[in-house]
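Got your viewer open and your selection tool ready? Load the model below, and we'll go stop by stop.

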Amino acid sequence: MGLVVLALEAHRRGLTLAGRLFNWDSGWYLFIAERGYDQGGLATSPLHTMHSDLAFFPAFPYMMRFVHLSSPLSLREAGLSLSCVAAFAAAWGVYRTALVCHGHRAGVIAAMLWGMLPIAVVENMAYSESEFTALCAWALYCALADHWIRAGLLGCLAGLTRPSGVAVVAALGAAALVESARVVRARRCVRPAPTVRWWRPLAGAGIASAGWSGYVAWVGLRVHDLTGGYLTVQEHWGSVWDGGDGTFREFQTIFGSARALPLETVVVAGVVLAALLLLVVAVSGRQHVLLAVYSAGLMAIALGDHGYFMCMGRFLLPAFPLLFPAASALARARRRVAGAVLASGTVMSALFGGYLLLVWPLWP
């Protein structure tokens, strides 16, 4: 529905749907897919800056290139098609993960909630968020289903997709320690012994760490600073992890302002506050350690990044386990209530997505 609204309004303004969906960071991914890394930046970036393209992880642009070379699609078409397919895979992964924890009805609603978040329009753009969410969702599902090697391989790919891939690595590591300890204790006092071998969770976690740490180390070698090379690249983009001080100051400015705030600022602030509340609800409800650590890691990365407050909505798109308590509550509600909430949320998401890509020219 968001795509339909965006397409109709773009046509009315004399614009194309593909032109609005392939924008901003999509140009950087296109540049990497065409020429590889560290070619001096991209002159057609929104601010005409010459930052290093090493800030962008490789999985999405190289997958664009693979789809382009193996099909008649152009690189732009490959990027948009890849995001579309990845969005469906992500929604399916969100459903399967929620199914394990809360049942079928909650799983369906969780997938719907993920698809109608205020920044859900990004799921259809040539950005890496959909691919990253799909890889993380299926990695978490495989871990919950005790398929630890598969979880590790998917986590490795997630770590090659976005900097926040470290969150899924941390989640798999924490869950692997808990599961390995449980298996060892069970083998000592239970017959028959558990079918999962104690070392498989640890092996899966180790495999998952190879993607993110491998790319960060490679960037360090490229810039001749093995320990802090990637952080230096990010600093040139204005992205510095300050432990949340910058975000706190942004909220002070927002709540201390006497003038009317732009719609996008209000929505992003609301998304961040809602995510914090949902994290508290999830943790207090004893959500599985795998999901809790993953969500908390994404929250820490998003809130601790100084310089990209208006991007936080899309940075939190992959934090889908935060939606599980709401999905579980809606699953228990009357059908009319659940239907009204989901329908109204879909409409608001579609309208806000159109506003971001057609009205607000500075959306990153």
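Start with everything selected. For 364 residues, a compact globule would have a radius of gyration near 21 Å, and the protein chain has 21 Å, so the two agree (the radius is taken over C-alpha atoms, and the globule rule is 2.2 Å times the number of residues to the power 0.38). Before zooming in, some ground rules: this is a predicted model, where local features need pLDDT of at least 70 and side-chain atom pairs count only at pLDDT 80 or more, while totals for chains, interfaces and linings use all residues. Residues are numbered from 1 along each chain as its sequence is written, and side-chain values use heavy atoms, with hydrogens and water left out.

**The whole chain**

Turn on the cartoon and you'll find 17 helices and two strands; these are DSSP runs numbered from the N terminus, helices being H or I with at least four residues and strands E with at least two. Along the principal axes, the C-alpha atoms fill a box of roughly 70 × 60 × 50 Å. Now switch on the surface: its accessible area is about 17100 Å², and carbon and sulfur atoms own 66% of that (Shrake-Rupley method, 1.4 Å probe; for residues, only the protein chains shown count as cover). Colour by burial and 49% of the 364 residues come up buried, where buried means under 20% relative accessible area, exposed over 50%, and partly exposed in between (1.4 Å probe, protein chains only). If you draw a contact map (heavy atoms within 4.5 Å), 73% of the contacts between residues at least 6 apart in sequence join residues at least 24 apart.

**Into the core**

Select Leu113, Val168, Leu172, Leu290, Tyr294 and Phe320: they have the most contacts inside the largest nonpolar core, which has 101 residues. Such a core is a set of buried Ala, Val, Leu, Ile, Met, Phe, Trp, Tyr and Cys residues joined through side-chain atoms within 4.5 Å. Which helix gives the most to this core? Helix 7, residues 129-144, with twelve residues. As background, nonpolar side chains tend to be buried together in soluble globular proteins.

Centre on Leu172 next. Leaving aside neighbours within four places in sequence, Leu172 is in contact with Ala139, Ala143, Trp148, Ala151, Gly155, Ala205, Ala208 and Leu290.

**Two stops on helix 5**

Helix 5 covers residues 75-102, and Thr97 sits in it. Is Thr97 buried or exposed? Buried, at 0% relative accessibility. Show polar contacts (N or O atoms within 3.5 Å; within protein, one must be able to donate a hydrogen and the other to accept it, and residues adjacent in sequence count only if both atoms are side-chain atoms): a polar atom of the Thr97 side chain lies 3.2 Å from the backbone oxygen of Ala137. Not counting residues up to four places away in sequence, Thr97 touches Ala137, Tyr141, Leu144, Leu291, Phe320 and Phe324.

Slide along to Leu80, also in helix 5 and buried at 17% relative accessibility. With residues up to four places away in sequence not counted, its contacts are Ala18, Leu21, Phe22, Asn124, Met125 and Ala126.

**Aromatic stops**

Show the rings of Phe, Tyr and Trp (for Trp, the six-membered one): they pair if their centres lie within 6.5 Å, with planes under 30 degrees apart counted as stacked, over 60 as edge-to-face and the rest as tilted. By this rule there are 18 aromatic pairs. Pick Tyr29 and Phe60, an edge-to-face pair at 5.1 Å centre to centre with 70 degrees between the planes. Tyr29 lies in helix 3 (residues 25-35) and Phe60 in helix 4 (residues 59-69), so the pair ties together parts 31 residues apart in sequence. Both Tyr29 and Phe60 are buried.

Then take Tyr37 and Trp218, edge-to-face again, at 5.7 Å centre to centre and 65 degrees between the planes. Tyr37 is in the loop between helix 3 and helix 4 and Trp218 in helix 10 (residues 199-222), so this pair ties together parts 181 residues apart in sequence. Tyr37 is buried at 8% relative accessible area, whereas Trp218 is partly exposed at 32%. Widen the selection to Tyr37, Phe57, Tyr62, Tyr215, Trp218 and Tyr230, which form one aromatic cluster.

**Last stop: positive phi**

Most residues other than glycine have a negative phi. Trp24 has a positive phi of about 50 degrees; look for Trp24 in the loop between helix 2 (17-21) and helix 3, buried at 12% relative accessibility. His224 has a positive phi too, near 60 degrees. Find His224 in the loop between helix 10 and helix 11 (229-236), exposed with a relative accessible area of 75%.
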